[in-house]
Amino acid sequence: MPLGSGLAGKQGICQMSSIVSDVGGTNARFAFAETKGASLTDIWTAQCADFPTIDAAVEAYRQIVGAEKSAHVDAMAIAVAAPVKAAIVNVTNNHWRFAKRDLLTRLSLRRLLVINDFTAQALAQTNPRDNGNVEILSGEGDENAPLLVIGPGTGLGVSALIPSANGPIPIEGEGGHVSFSPRSDDERELDAFTRRCRPHVTAEHFVSGGGLETIYRFLAAREDEPTVMTAPEIGERAVAEKGLCRDAAMMLLGILGTVIADNVLTLGCWRGVVISGGIVPKLAPLIAHSPFADRVRKTGVTEPLMKMIPIWLSVDPHAGLRGAQVALGNAHLAPRIVDA
């Protein structure tokens with residue numbers, strides 16, 4: 001179970017230290033933070049299937065970082081791909097299930113915070129100019145306005161960070177499930193094609209990995225081409241060559257631009273937008289040639305406002321861990337902490 005490049009040797013131990021974790025359907029990442037705001041160290045990725053429970057994985061991680069560090073851990077923040085408001089958490093696409101207070105006791109912690117994984121992605125973007133974010137549309141932005149964070153991956157996560165004197169307030173909504181708003185004849189046909197099997201068509205049905213596959217099936221059906229390809233295959237071929245795969249990727253990027261513009265206008269996210277998730281970085285070479293920028297900028301009477309919006313692409317694989325660390329010190333999430 002090798003640790004990543006963040007593995008640290010012996011160093012001074014602070015009494016207040018924490019473990020942060022980013023738990024998905026397949027992998028769980030762990031890291032150690034000695035103090036609030038300190039750099040994360042000892043980053044480790046585990047296969048969820050290798051452990052019967054999350055506490056078993058945590059104990060394995062504690063053994064890896066060593067008894068001296070583990071003895072001083074008193075808090076943990078877990079970002080998890082699942083609904084997190086209830087006392088019991090069932091991880092989506094994963095066999096792990098835990099009761100928050102029971103986990104606190106079993107791990108001998110003083111504080112435990114469980115947040116949604118996309119809330120963590122949003123909190124990782126407190127300063128969108130940090131952590132290697134790549135600016136894909138320039139703009140000045142308003143530092144005192146909300147920041148939109150949107151992430152096409154397995155699904156479509158949507159959040160916003162509202163600035164406040166006590167730290168950013170994360171909006172924990174379900175923006176990926178808003179109704180789809182087609183903007184072209186092709187998109188209206190796509191909408192009708194999808195409604196054959198879905199009574200409610202949402203943005204997530206197209207702006208996600210599964211969405212890319214749906215768009216490809218729609219285009220392939222019109223051309224009598226083979227209709228079964230996975231999202232990674234479509235994305236790889238889209239970047240490599242012209243054809244239906246590239247057409248599908250271009251349509252996804254255009255729809256993403258519309259979804260971003262709608263959310264910016266609804267929430268007043270004049271500070272800008274950060275795109276996270278695993279889909280868009282793989283399609284990055286196509287963005288400049290896609291309808292993306294026009295969809296973001298050309299919004300009628302609000303076009304002058306939208307031209308001021310900067311958009312960044314997050315390429316940090318550990319954003320979920322950093323967001324979980326920020327969450328543990330966030331005043332607005334403090335009431336959600338389970339305290340011994």
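Trainee: Where does Asp42 sit in this structure?

Mentor: In this predicted model, Asp42 belongs to strand β3, residues 41–47.

Trainee: And what should I look at in its backbone?

Mentor: Start with the general idea: most residues other than glycine have a negative phi. Now the case here: Asp42 is not a glycine, yet its phi is positive, about 55°.

Trainee: Is Asp42 buried or exposed, and why?

Mentor: Buried, because its relative accessible area is 1%, and anything under 20% gets that label.

Trainee: What about Ser108: what is its phi, and where is it?

Mentor: Ser108 also isn't glycine, and its phi is positive, near 55°. You'll find Ser108 in the loop between α3 (100–106) and β7 (111–116). With a relative accessible area of 60%, Ser108 is exposed.

Trainee: Okay, helices next. How do I check the length of α6?

Mentor: Count on 1.5 Å a residue. Helix α6 runs over residues 209–223, which is 15 residues, so it should span 21 Å. Its end C-alpha atoms are 22 Å apart, and that agrees.

Trainee: What happens at the two ends of α6?

Mentor: At the N-terminal end, Ser208 acts as a cap: one of its side-chain oxygens is 2.9 Å from the backbone nitrogen of Gly211. After α6 comes Asp224, with a positive phi near 55°.

Trainee: Which residues of α6 are buried?

Mentor: General idea again: an α-helix has 3.6 residues a turn, so residues three or four places apart point the same way. In α6, the buried ones are Gly209, Gly211, Leu212, Thr214, Ile215, Tyr216, Phe218, Leu219 and Ala220.

Trainee: What covers those buried residues of α6?

Mentor: The cover includes α5 (185–195), α7 (231–240) and α8 (244–267).

Trainee: Last topic: aromatic rings. How many aromatic pairs are there?

Mentor: Six turn up in a search of the whole structure. One of them is Phe30 with Tyr61, a stacked pair with 5.5 Å centre to centre and 20° between the planes. We call it stacked because the planes are under 30 degrees apart.

Trainee: Why does that pair tie parts together?

Mentor: Phe30 is in strand β2 (residues 27–33) and Tyr61 in helix α1 (residues 54–65), so the pair links parts 31 residues apart in sequence. Phe30 is buried, at 0% relative accessibility, and Tyr61 is buried at 0% too.

Trainee: Which residues form the aromatic cluster with Phe30 and Tyr61?

Mentor: Trp44 and Phe51 join Phe30 and Tyr61 in one aromatic cluster.

Terms used. Residues numbered from 1 in each chain as written. Predicted model: local features only at pLDDT ≥ 70, side-chain atom pairs only at ≥ 80, totals over all residues. Heavy atoms only, no water. Helix = DSSP H or I, 4+ residues; strand = E, 2+ residues; numbered from the N terminus. Expected span 1.5 Å × (residues − 1). Buried < 20%, exposed > 50% of the residue type's maximum accessible area, 1.4 Å probe, protein only. Contact = heavy atoms within 4.5 Å. Polar contact = N/O pair within 3.5 Å; in protein donor to acceptor, adjacent residues only side chain to side chain. Phe/Tyr/Trp six-rings, centres within 6.5 Å; stacked < 30°, edge-to-face > 60°.
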